[in-house]
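Dear colleague,

I am passing on the structure that we spoke about, together with some notes on what turned up when I went through it. Please open it alongside this message and read the two together.

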Amino acid sequence: MSRKKIVAGNWKMNLDRAKAKELTAAVAARRGEAAAVELVLCPPAVYVETVGTTLTAAKSDVGLGAQNMLDKASGAFTGEVAPPMLVDLGCQYVILGHSERRTLFGEIDAAVNMKTKAALAAGLVPIVCVGETLEEREADRTAAVVSGQVQGSLAGLSPADLEKVVVAYEPVWAIGTGKVATPEQAQEVHALIRGLLAKLSSPEVAGRVRIQYGGSVKPDNAADLARQPDIDGALVGGASLKADDFLGIAKAFG
Ligand code: PGA
């Protein structure tokens, strides 16, 4: 089963408008270095438009994504961003259920599930994040925790919707710590997720879902991860803030 690899940059709450433009232009200019890979930039919400117009000006096919959204189309939800607003700015993707959203902002699987459905209804590709904490891994609960998150976050999706979803496996202990999971550790969980998706739908559908690895991915560890059969790309935090590093990672998946 050949799945198009997808490497997304999660800029988190970093950069300013000028730097966002500069980084976008640099990635767009060097996009050819990883031509076989789908690339996505996920800037802070307030810079989505700037990044989008910079990509359009460069006639680039680099994708545009947001880092979060609410599951409602409009209304009295102070401070929130609606799926159609993201579409309006040219977004095609949205990261949902990132571990920082789950742990710092109390997002539970049921909320991630509603957002996932709302994203799909709006025509956005959800990048749904799951992953265990160090404590959970050390207690041998990785499979149970990740299975619960996958089932809870993706409950009730039609097979047609499920195959549009990108799942990001991000062990919490590897995010921003410099401690990357070994390729074997990551592959084991990716295979578990794919097996679960097969049970939720069918092996054919599960075989088409892209599963990214995230957590301290760098140019020098990306190639080993990319060689694993169920790792279909990366969700990159820190290293996505430098064009060299982001493209270096993307190249490893090409
Ligand atoms: P990191 O972040 O690459 O800085 O570890 C990954 C993520 O949180 O998506």
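In which loop is Leu15 found? Leu15 sits in the loop that runs between E1 and helix H1, the latter covering residues 17-29. Please keep in mind throughout that this is a predicted model, and that what follows was computed from its atoms.

I begin with Leu15 because of its backbone: its phi is positive, about 75°, although Leu15 is not a glycine. The residue is partly exposed, since its relative accessible area is 29%. A second case of this kind is Asp140, a residue other than glycine whose phi is likewise positive and near 60°. Asp140 belongs to the loop that links helix H6 (134-138) with helix H7 (142-153), and with a relative accessible area of 73% it counts as exposed.

As for the chain as a whole, it contains 12 helices and 8 strands. Its radius of gyration is 17 Å, close to the 18 Å that the globule rule gives for 254 residues, so the chain is as compact as a globular protein of that length. The C-alpha trace spans about 45 × 45 × 35 Å along its principal axes, and 53% of the 254 residues count as buried. Two pairs of residues may help you to get a feeling for distances inside the fold. Leu15 and Ala118 are separated by 103 residues in sequence and by 28 Å in space, taken from C-alpha to C-alpha. For Ala110 and Asp232, which lie 122 residues apart along the chain, the distance between the C-alpha atoms is 26 Å. Ala110 itself has its place in helix H5, which comprises residues 109-122, and it is partly exposed, with a relative accessible area of 43%.

The ligand site deserves a careful look. There are 13 residues around the ligand, and those that come nearest are Lys12, His98, Glu170, Gly176 and Ser216. By class, this shell is made up of 4 nonpolar, 7 polar and 2 charged residues. Three short distances to oxygen atoms of the ligand can be listed. From Lys12, a polar side-chain atom lies 2.7 Å from a ligand oxygen. In Gly176 the backbone takes this part, with an N or O atom at 2.6 Å from an oxygen atom of the ligand. Ser216 also takes part through its backbone, a polar atom of which is 2.7 Å from an oxygen atom of the ligand. Taken on its own, the ligand has 280 Å² of accessible area, of which the protein covers 96%.

Which residues do the two buried arginines, Arg3 and Arg102, reach with their side chains? Arg3 lies in the segment that precedes strand E1 (6-10), and at 13% relative accessibility it counts as buried. Its side chain reaches the backbone oxygen of Pro229 at a distance of 3.1 Å. Arg102, for its part, is found in helix H4, residues 99-104, and counts as buried at 14% relative accessibility. Here the partner is another side chain, as a polar contact of 3.2 Å joins Arg102 to Ser153.

Finally, a word on the cysteines. How many disulfides does the structure hold? The number is 0, and the distances between the sulfur atoms show why for the residues I looked at. The sulfur of Cys91 has its closest cysteine sulfur in Cys42, at 7.9 Å, which is too far for a bond, given that a disulfide requires two cysteine sulfur atoms within 2.5 Å. Cys129 is in no disulfide either, as the nearest cysteine sulfur, again that of Cys42, is 9.3 Å away. Both residues lie inside the protein by the accessibility criterion: Cys91 counts as buried at 6% relative accessibility, and Cys129 counts as buried at 2%.

With best regards

Conventions:
Residues are numbered from 1 along each chain as its sequence is written. This is a predicted model: local features need pLDDT of at least 70, side-chain atom pairs count only at pLDDT 80 or more; totals for chains, interfaces and linings use all residues. Side-chain values use heavy atoms; hydrogens and water are left out. Buried means under 20% relative accessible area, exposed over 50%, partly exposed in between (1.4 Å probe, protein chains only). A residue is near a molecule or strand if one of its heavy atoms lies within 4 Å of it. A polar contact is a pair of N or O atoms within 3.5 Å; within protein, one must be able to donate a hydrogen and the other to accept it, and residues adjacent in sequence count only if both atoms are side-chain atoms. Accessible areas come from the Shrake-Rupley method with a 1.4 Å probe; for residues, only the protein chains shown count as cover. Ala, Val, Leu, Ile, Met, Phe, Trp, Tyr, Cys and Pro count as nonpolar, Asp, Glu, Lys and Arg as charged, and the others, Gly among them, as polar. Helices (H or I, at least four residues) and strands (E, at least two) are DSSP runs, numbered from the N terminus. The radius of gyration is taken over C-alpha atoms; the globule rule is 2.2 Å times the number of residues to the power 0.38.
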